Structures are given as C-alpha cells and as structure tokens.
Amino acid sequence: MKKFLIITSSIAVLALAAFAMHAPSTNAAPTVARPCDYANPASGTYAETTCWIDFSQVDLTQAASTSGYPMTLTFGSGASISFVVKTSGPTLQPRTAPFDSVSWYGDSWYAGVGGSPVAFMPAGAPTSRQIRIESVIARDAGGNVVSGNYAMIGADARGTYPNAQTIWRSNQNVNLMDGADCPLPFFTGNGTPNLYCGGTNPPKHPFVITQNPSFLEADMLVLGANTQLVAFGFTTSAVSAGASFADRANASDSAEITIAGPAGEQIATASTGTGSATISSQAVFDGSYTFSQTATAGTDLTRYDKMWSCSAQTTIYDSGVGGFVSQTVDVTPVANTSNSVAVSASVGQTINCTVTNTPIPTAPDAPIDLTANIGETTADLSWDAPADEGYPAPITGYAVEYSSDGGATWTTWPQSGMATATTITGLTQDTQYQFRVAAVNATGTGTFANASGRTLATPVTPPSPAPTPVSVPIVPNTGRR
C-alpha cells in the first residue's frame with residue numbers, strides 16, 4: 001500500500017542581495033498543495049519510507065535563481081520536511097521513471113514512483129551542472145524542529161556513461177548503497193562528504209545515502225551528447241497500528257486506538273466501532289512512539305485481556321539473492337498486556353503495533369428486583385434478569401436457594417428454564433427464611449440477589465365462651481286457671 005503526503009510550495013521573496021548557488025536560503029510560507037508518491041513495497045532499500053521529490057512541481061525558473069525554489073513535504077501524520085531546490089546549468093526538465101530501458105531507477109530499483117521524480121539535465125553547454133537540495137528542516141507533527149531523524153537518497157536515474165561523472169556532496173558522509181555500483185578506479189570518497197563516481201560502458205548505477213544532511217548535491221560533468229539524470233528522496237520512519245476484539249463481552253463494546261510521538265504529539269487515531277480499527281502507515285521521524293487504546297463510552301476494557309504484537313519491517317538489499325528483501329522482526333515489548341506499549345522506530349523502519357482484546361470469562365451480575373411473597377408454607381419469588389449477563393452470554397438458567405438457619409446452610413430449589421418466577425413449597429410455618437437467586441451462564445453461577453421473610457403461623461381459634469346464665473323469674477302457682 002502506498003502512502004501519500006502533501007507538497008506545498010511558494011515563490012520566495014527575492015532578497016536585495018543575490019545569493020550564490022551554494023548559499024543558504026530562507027523558505028517562504030507554503031501556499032499550494034500537491035501530491036507526492038512512494039515506490040512499490042520492497043522495490044528498493046527503504047522503499048516504503050522514502051518519498052521522492054516530484055520535479056514537475058518545481059518552479060524551474062525559480063530553482064535556477066540564486067534564491068532557489070522552496071518546498072515543504074507535509075506528511076499525513078502532520079510531520080514535514082522543508083527544503084530549497086537549486087539548479088545551475090541547462091534548465092532542469094522533469095521526467096517520469098523509468099527514463100528508458102537501461103534505467104535502474106523506476107524499474108529494478110524503486111519501481112512505481114508516480115509523478116516526475118527524475119531531474120533530466122540535457123546535453124550541451126555548459127558541461128558542468130548542479131542540482132542541490134538544501135536548507136533541509138524536519139519538523140514533527142507538533143511543529144517542533146527535529147534533528148538526526150531522517151536520511152536522503154540520491155539516485156543516478158539512468159546510469160553514468162563514459163564522458164560523464166557525478167560528485168555527490170553533502171555536509172554529512174555520503175555512502176554508496178548496498179547493491180549499487182560504481183567502477184574502480186572511477187569511484188572514490190565513499191563514506192566522506194564527497195563521493196565521486198565516473199562513467200563506464202556499460203554504465204554504472206550509483207545510488208547514495210546520507211544521514212541527517214542539511215543539503216545533498218549532485219555535481220555533474222557531461223561531455224558531448226551525454227545527458228545526466230538524478231532523483232532525490234527523503235527517508236523517514238513510519239508507524240501503523242490496529243485494534244480488534246476476538247469477541248465482545250457486550251455487542252456494542254468498542255475502543256479507540258491512538259499513536260503518539262516522542263513529544264506526546266498525536267500522530268493518528270481510529271475507532272473500532274463494532275468491528276476493528278486500522279491506522280495506515282504514517283511517515284514520522286525516528287524516536288519512541290506510544291501505541292494506546294481507550295474505551296469508548298459504555299465499554300469496560302477491564303473485562304478484557306489485552307495482547308499487543310509489534311513488528312519492525314525494513315526493505316534492504318540482500319547480496320545473497322541479488323535483490324531486495326523485506327525483513328520483519330518482532331519488537332513486541334515484554335510488558336504487552338496493558339492498554340499501551342512504547343516502541344522505538346529507526347530511519348527506514350515501519351513499526352506496526354496491533355492489540356487484540358479477548359473477553360475475560362465472567363459470571364452474570366445479580367438478578368434485579370428480587371421479591372418474596374411469603375405464606376404459611378410457601379414463598380412466591382419473582383425477579384428480573386441481570387443487566388449484565390457476563391461472558392460468555394447468554395444466561396442458561398437460574399439458581400434458587402433458601403435457608404432457615406440464617407444462611408449457615410442452603411437448600412437448592414429445583415428451577416429449570418429461563419422463568420423469572422418460582423414458588424417454593426414445603427416451608428415450616430412461623431419460621432424466618434432467607435431466599436437468594438443467581439443467574440447462570442457457561443462460566444458459572446453469578447452474584448446472588450437476596451430477600452428474606454417469615455412464614456405465617458396457623459391461626460389459633462379461641463374457645464367458645466361459656467353460656468351466660470339467664471335468670472327466669474318464677475311465678476307462684478295460685479291454682480287459678
């Protein structure tokens with residue numbers, strides 16, 4: 001997958017005093033945004049992290065002036081590299097890559113670079129010409145100037161033929177890259193600030209690299225009908241990340257993953273939603289980067305085991321196979337089960353860290369609103385299902401128990417199915433009971449909800465009261481009828 005960045009440029013305000021070709025210049029504020037491209041993966045050393053300047057975006061007239069043409073590459077991460085392009089000699093002409101069938105650049109080396117990454121110097125007087133990338137300033141996503149965090153690659157974009165030569169100059173040591181070639185005795189200064197490569201037939205293909213330069217210059221000498229072509233790329237580091245759930249304790253659980261830079265600046269962020277999250281490769285400068293995840297609203301990440309996996313990918317030239325190979329090594333920190341890890345990135349590396357969240361098996365919460373309606377020898381219990389069914393859901397049933405000795409011992413009441421009510425029978429009258437109900441899932445029995453009460457006693461019928469004596473007056477018998 002290719003990465004994209006923005007190139008911005010502007011016409012610098014001309015100074016009253018003219019600067020020489022090698023004099024430093026001041027970058028003007030950027031005004032126009034344009035794209036830049038990378039080579040195909042594994043098509044060259046650091047192919048995935050090297051951005052090649054698109055010379056079709058260079059104001060050629062301005063570049064040939066003493067002030068040069070200022071540009072800024074602003075990466076998707078917010079990091080940027082600003083610089084000035086200066087040329088002398090015949091007017092530079094942008095070309096696509098590869099230039100022709102004998103060109104390594106754009107073919108066997110760094111294939112697939114879009115735009116016009118080749119600076120073409122046509123034949124003719126003057127025979128000496130230069131193209132220089134100078135006043136290089138790197139800034140992180142927070143706008144802070146950084147140093148010691150990038151490299152520059154210079155490429156002979158066609159090949160050095162007889163009657164042609166190139167001196168690569170920098171304020172840092174310049175090294176021929178592994179796999180590139182420049183013939184002896186026309187090759188001197190490797191590992192110094194001035195690397196010289198003369199031409200032969202068949203042509204040689206020098207590619208050079210220098211670490212953290214403030215400038216890199218191709219000083220070319222071309223005689224007769226020869227031409228010379230070069231390309232310049234900036235090599236950074238890169239970071240990418242991902243977050244996923246092996247399963248979810250709650251269907252709506254989600255997390256947000258973030259990459260932060262050495263100074264705490266945010267590089268990128270993405271949310272899993274109800275799926276997974278991916279942060280694509282972001283160009284950065286070397287240093288320690290923090291990969292972290294945070295729970296979104298309603299998600300409890302303490303219910304998950306976290307497992308981070310981090311790798312460092314780099315493309316290098318392998319002389320054993322005679323080509324480029326992508327190497328990936330495990331750089332997972334020892335402490336990799338929290339919500340964040342920190343990993344250092346070096347120039348040319350792509351660091352990828354992903355976290356997988358696996359639910360921790362948990363029993364359900366307690367049922368809600370347990371009530372007990374108690375009679376003489378029965379208790380009618382009812383409740384609602386718990387708010388959290390635990391993991392793995394769903395609930396498979398309920399455990400119902402009762403005790404008549406203050407909870408010292410418990411008797412299980414058989415309860416089947418998913419009913420949220422039951423009637424316990426066979427209780428003893430006039431006895432204090434405790435009742436409890438818990439939900440059950442595949443992990444086990446959850447937290448109990450509790451209720452209590454006393455069974456009723458049998459009403460005692462009071463004895464009938466003794467009859468009240470009734471006084472009956474006795475009437476004397478008078479014998480009368």
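These are my notebook entries on a predicted model, taken one topic at a time.

**Ground rules**

I number residues from 1 along each chain as its sequence is written, and I keep to heavy atoms for side-chain values, with hydrogens and water left out. Since this is a predicted model, local features need pLDDT of at least 70 and side-chain atom pairs count only at pLDDT 80 or more, while totals for chains, interfaces and linings use all residues.

**Confidence**

I started with pLDDT, the predictor's confidence in each residue, from 0 to 100. The chain averages 87, and 88% of the residues score at least 70. Where is confidence lowest and where is it highest in the chain? The low end is strand 1 (residues 5-9), with a mean of 41, and the high end is strand 18 (residues 255-260), at 98. I took strands (E, at least two residues) and helices (H or I, at least four) as DSSP runs, numbered from the N terminus.

I also looked at residues 1-34, where pLDDT stays under 50. For that stretch the model has 101 contacts beyond four places in sequence, a contact being heavy atoms within 4.5 Å.

**Strand 16**

Next I went to strand 16 (residues 228-235) and asked how many of its residues are buried. I found 8 of 8. Buried means under 20% relative accessible area, exposed means over 50%, and partly exposed is in between, using a 1.4 Å probe and protein chains only.

In a regular strand the side chains alternate between the two faces of the sheet. I checked both faces of strand 16, and both are covered. Gln 228, Val 230, Phe 232 and Phe 234 sit on one side, with Leu 229, Ala 231, Gly 233 and Thr 235 on the other.

Which strands pair with strand 16? I used the rule that two strands pair if DSSP finds at least two bridges between them.

- Strand 3 (residues 50-52) runs antiparallel to strand 16 and is joined to it by 3 bridges; here I saw Trp 52 opposite Gly 233.
- Strand 7 (residues 118-121) is another antiparallel partner, over 3 bridges, with Phe 120 opposite Leu 229.
- Strand 10 (residues 151-156) is also antiparallel to strand 16, with 6 bridges, and Gly 154 stands opposite Phe 232.

**Gln 57**

I then looked up Gln 57, in the loop between strand 3 and helix 1 (60-63). Is Gln 57 buried or exposed? Its relative accessible area is 16%, so I put it down as buried.

The side chain of Gln 57 makes a polar contact with the side chain of Ser 56, at 3.0 Å. A polar contact is a pair of N or O atoms within 3.5 Å; within protein, one must be able to donate a hydrogen and the other to accept it, and residues adjacent in sequence count only if both atoms are side-chain atoms. I also noted Ser 116, which is 59 residues from Gln 57 along the chain, with 8.4 Å between their C-alpha atoms.

**Disulfides**

I searched for disulfides, meaning pairs of cysteine sulfur atoms within 2.5 Å, and the count came to 2.

One disulfide joins Cys 182 to Cys 197, S to S 1.7 Å. The torsion about its S-S bond is about 120 degrees, so I logged this disulfide as right-handed. Cys 182 is in the loop between strand 11 (164-176) and strand 12 (187-188), while Cys 197 is in strand 13 (residues 192-198), 15 residues apart. Cys 182 is buried at 10% relative accessible area, and Cys 197 is buried at 0%.

Another disulfide joins Cys 310 to Cys 353, S to S 2.1 Å. This link is right-handed, with 120 degrees about the S-S bond. Cys 310 lies in strand 22 (residues 304-318) and Cys 353 in strand 25 (residues 350-359), so the pair ties together parts that are 43 residues apart in sequence. Cys 310 counts as buried at 2%, and Cys 353 is buried at 0%.

With the bonded cysteines numbered in sequence order, I get the pairing 1-2, 3-4.

**A four-stranded sheet**

My last stop was an open sheet of 4 strands, in the order 29-28-31-32, with antiparallel pairing. Why do strands 29 and 32 each have a side without a neighbour in the sheet? Strand 29 (411-413) and strand 32 (449-454) stand at the edges, each with a single partner strand, so one side of each is left free of a neighbour there.

I also checked how strand 28 (residues 397-403) pairs with strand 29: antiparallel, over 3 bridges. Tyr 402 stands opposite Thr 411 in strand 29.
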